[in-house]
2 protein chains.
Amino acid sequence: MCDEPLTCTVNERLQPIYNMTEKRSEISDLGEFGLIDRIAQHTQLQNSTSVVGIGDDAAVLDGGEEYILVSTDLLAEGVHFDLAFTPLHHLGHKAISVNVSDIAAMNGKAEQVVVSLALSNRFSVEAVDALYEGIRAACQQYKVDLVGGDTTASRSGLILSITAVGRVPKDKVVYRSGAKPNDIICVTGDLGASYIGLQVLEREKEVYLVNPDMQPGLEKYEYMVGRQLRPIARTDIVFELAELGIKPTAMIDISDGLASELFHLGKNSGVGTRIFEDKVPIDQAAYEAMALEFKIDPITCALNGGEDYELLFTIHPDDFEKIKNHQDIHMIGYVHEKPNEHTLVTKHGNAVPLRAQGWDHFKSGG
Amino acid sequence: MCDEPLTCTVNERLQPIYNMTEKRSEISDLGEFGLIDRIAQHTQLQNSTSVVGIGDDAAVLDGGEEYILVSTDLLAEGVHFDLAFTPLHHLGHKAISVNVSDIAAMNGKAEQVVVSLALSNRFSVEAVDALYEGIRAACQQYKVDLVGGDTTASRSGLILSITAVGRVPKDKVVYRSGAKPNDIICVTGDLGASYIGLQVLEREKEVYLVNPDMQPGLEKYEYMVGRQLRPIARTDIVFELAELGIKPTAMIDISDGLASELFHLGKNSGVGTRIFEDKVPIDQAAYEAMALEFKIDPITCALNGGEDYELLFTIHPDDFEKIKNHQDIHMIGYVHEKPNEHTLVTKHGNAVPLRAQGWDHFKSGG
């Protein structure tokens, strides 16, 4: 029971929030992952139906014949999206995709979503319609049902909170923790394009602020902008792996960047990884935009860009033959036994330690 | 598929949000329930595991032997709570209780929650700790497991989004839609105290703003303030009804006020209700505060105050005997066949039509 007194003074109430008198620890010093670890640390499971709690792409609940998967994401205006270049229907679509992707990363299939919305009065009913148009389009695309939610006012900006519920046969669930030495590391699609799409959109916004009549000419960047505004969850891969008779040993979706996800996989599996720069898939047009226009090393975009929503997974070496000709699955390296040692072998053959930069929204002020 | 173009201009993107050129419809004109109806209207279910979608206290999913219940709530600072008088641990506790209450209103038992949090950098790590202290205390109290969530920065204020997952045997689920003419209307606990607790806290805040050193003397109002700051979900009633061999014909929890919930029950069941003022339970100290100090008619507080988180349910007349001596269940009226006709019989014997005021956060600016 929470036995704190109810009748304290306003001063006593405000004190723990701002915590000016004692030591005040900043969330930005802890970071998002540090904060999650802190929360997970004190959390015990009491119900037999709670199979796995905090720490993977989704929670795993006992659902009798199958496992029930539950994943949740909160998207905040000004932190996760900028409405100056994010059409609301794309935002709605993306919010669903992001959660469906988390369920896919458990080797499961999302079947339901609940959507909560907080919005200030600068939004019209038509704006809400546009948002739900995208949500519904994504639901149809992934064959997911919108079964509930909550709508409320907010003091400022738009907040979207989505929870997805999925299912997976009990013997098919894939955790972050199953990677073994000599497993092959695979990644789907291509990486880094979403990040460069975001750079293009931010540049366009700057141009607009200077000259609102300027036509941006985004055609050339359509693929990259599309990756940023409307990523597609790789439910097709989950289906195809099952068809091929492959169950990955570990899996995670790439939301914070390949490097960051390799660290997560490695930490949860107690292993290290070695990947090869020339194997990391990057789209050709995106590559050119990275290298020539934005002058960013393409491998840096691929490693740390994030928001790719591709799947990163490991397979047993015996499964190599089944997958080697797949057009959209790329084998980028292998797992080894040294925990927390993650290495990139560059095109020139140098082995450099990977660093997990990822995204930390708390660092940027917020 | 969402086939909107990706390469439109910033102007084209901003237009649907602010929608200044064409008709712009205000969400405040539609109201929260109007908005929910609008969203539900265009939503179809495609998966056989989606049993009931939008429109009850929780979504109902097929879980093999049982039903899986999913309920979600979003709480926004400045809209749902004021941190000047809401200690963070109480807020955490309340956020869980509110969702557990939704699951109870389906006659189910909550077993898991996921908690998402957006917070600005004015919050310290210690503030997050206090919030989770309350969340954990509630989880322990209700025997619910915290199994996941998301933490992120926000541009302003604190947003809490909770999704609860519960279970109920298939033959025990209770919807809002099962009330039949002649059923007895029951309500648990007492009503209106939470609302008056909020008035006390707001008055205290005003006093504080004038004189920060003033000691508020809330002892007298402890029950009311407790009802507002730390409501308890009536999971005990769900248990006791099962013990008594009673399955309510319809049930809903009282979050927006008794009158509003009677309208929901009536609408979903296609019936009307008649309740009696002298049967509506009001706490004695709260009654005095309402009538004497705040000069609000106590029945108005009970009907429209909201945030009571008591259960409102209907039972078949045959179950009357089983329940008539229960200390904490009050029979306040009966169901009749005239849809949308809801009547209050006053202490003086006058029959007056009920109006559902409820709470509409969108009306108050937001």
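**Figure 1. Contact of helix α4 of chain A with helix α2 of chain B.** A:Val125, A:Val128 and A:Tyr132 in α4(A) meet B:Ile27, B:Leu30, B:Leu35 and B:Ile39 in α2(B). Sorted by character, the residues of this contact are 7 nonpolar, no polar and no charged. The model shown here and in the other views is predicted. The axes of α4(A) and α2(B), the latter made of residues 27-41 of chain B, come within 11 Å and cross at roughly 20 degrees. Angles under 35 degrees count as roughly parallel, and α4(A) and α2(B) are therefore roughly parallel to each other. The crossing in which α4(A) passes α2(B) is right-handed.

**Figure 2. The contact between chain A and chain B.** Chain A contributes 112 residues and chain B contributes 111 residues. On the side of chain A that touches chain B, the largest share comes from helix α4 (residues 125-142) of chain A, with 11 residues. That side of chain A divides into 50 nonpolar, 41 polar and 21 charged residues.

**Figure 3. Packing of helices α3 and α4 within chain A.** The two helices, α3(A) and α4(A), pack at an angle of about 40 degrees, and their axes are 6 Å apart. That angle makes α3(A) oblique to α4(A). The crossing of α3(A) past α4(A) is right-handed. From α3(A), the residues in contact include A:Leu88, A:Leu91, A:Ala95, A:Ile96 and A:Val100. Among those that they and their neighbours meet in α4(A) are A:Ala127, A:Leu131, A:Ile135, A:Ala138 and A:Tyr142. The contact of α3(A) with α4(A) is made up of 14 nonpolar, 6 polar and 1 charged residues.

**Figure 4. Packing of helices α3 and α4 within chain B.** Helix α3 of chain B covers residues 88-104 and helix α4 of chain B covers residues 125-142. Their axes lie 6 Å apart, at an angle of about 40 degrees. In consequence, α3(B) is oblique to α4(B). α3(B) passes α4(B) in a right-handed crossing. The α3(B) side of the contact includes B:His89, B:His90, B:Gly92, B:His93 and B:Ser97. The α4(B) side includes B:Ala130, B:Tyr132, B:Glu133, B:Gly134 and B:Cys139. By character, the residues of the contact of α3(B) with α4(B) are 14 nonpolar, 6 polar and 1 charged.

**Figure 5. The two domains of chain A.** Domain 1 of chain A spans 28-172 and domain 2 of chain A spans 184-353. Their C-alpha centres lie 22 Å apart. Each domain has residues in the contact: 18 from domain 1 of chain A and 18 from domain 2 of chain A. Helix α3 (residues 88-104) of chain A gives the most to the domain 1 side, with 9 residues. The residues on the side of domain 1 that touches domain 2 divide into 7 nonpolar, 6 polar and 5 charged.

**Figure 6. Surroundings of helix α6 of chain B.** Helix α6 of chain B runs over residues 222-229, and its buried residues are B:Met224, B:Val225, B:Arg227, B:Gln228 and B:Leu229. The cover over these buried residues includes α3, α5 (193-210) and α9 (284-293) of chain B.

**Figure 7. B:Val335 and its contacts.** B:Val335 belongs to strand β11 (residues 329-336) of chain B. The residue is buried, with 24 other C-beta atoms within 10 Å. Not counting residues up to four places away in sequence, B:Val335 touches B:Ala179, B:Lys180, B:Pro181, B:Asn182, B:Asp183, B:Ile185, B:Val271, B:Thr273 and B:Thr314. B:Leu241 is 94 residues away from B:Val335 along the chain, and the C-alpha atoms of the two are separated by 20 Å.

**Figure 8. Two loop residues with positive phi, A:Lys143 and B:Asn340****.** Most residues other than glycine have a negative phi. A:Lys143 is not a glycine, yet has a positive phi of about 55 degrees. The loop that holds A:Lys143 runs between α4 and β5 (145-153) of chain A. With 13 other C-beta atoms within 10 Å, A:Lys143 is partly exposed. B:Asn340, also not a glycine, has a positive phi of about 65 degrees. B:Asn340 sits in the loop between β11 and β12 (342-345) of chain B. B:Asn340 counts as exposed, with 11 C-beta neighbours inside 10 Å.

Technical notes. Residues are numbered from 1 along each chain as its sequence is written. Chains are lettered from A and ligands numbered from 1 in the order in which they are written. This is a predicted model: local features need pLDDT of at least 70, side-chain atom pairs count only at pLDDT 80 or more; totals for chains, interfaces and linings use all residues. Axes are lines fitted to C-alpha atoms, for helices over the stretch in contact, and angles run from 0 to 180 degrees between N-to-C directions. Helices (H or I, at least four residues) and strands (E, at least two) are DSSP runs, numbered from the N terminus. Angles under 35 degrees count as roughly parallel, over 145 as roughly antiparallel, 65 to 115 as roughly perpendicular and the rest as oblique. A crossing is left-handed if the near helix is turned anticlockwise from the far one by less than a right angle, and right-handed if clockwise. Two residues are in contact if their C-beta atoms, placed from the backbone, lie within 7 Å. Ala, Val, Leu, Ile, Met, Phe, Trp, Tyr, Cys and Pro count as nonpolar, Asp, Glu, Lys and Arg as charged, and the others, Gly among them, as polar. Domain bounds come from an automatic or database domain assignment. A residue is buried if 20 or more other C-beta atoms lie within 10 Å of its own, exposed if 12 or fewer, and partly exposed in between; C-beta atoms are placed from the backbone.
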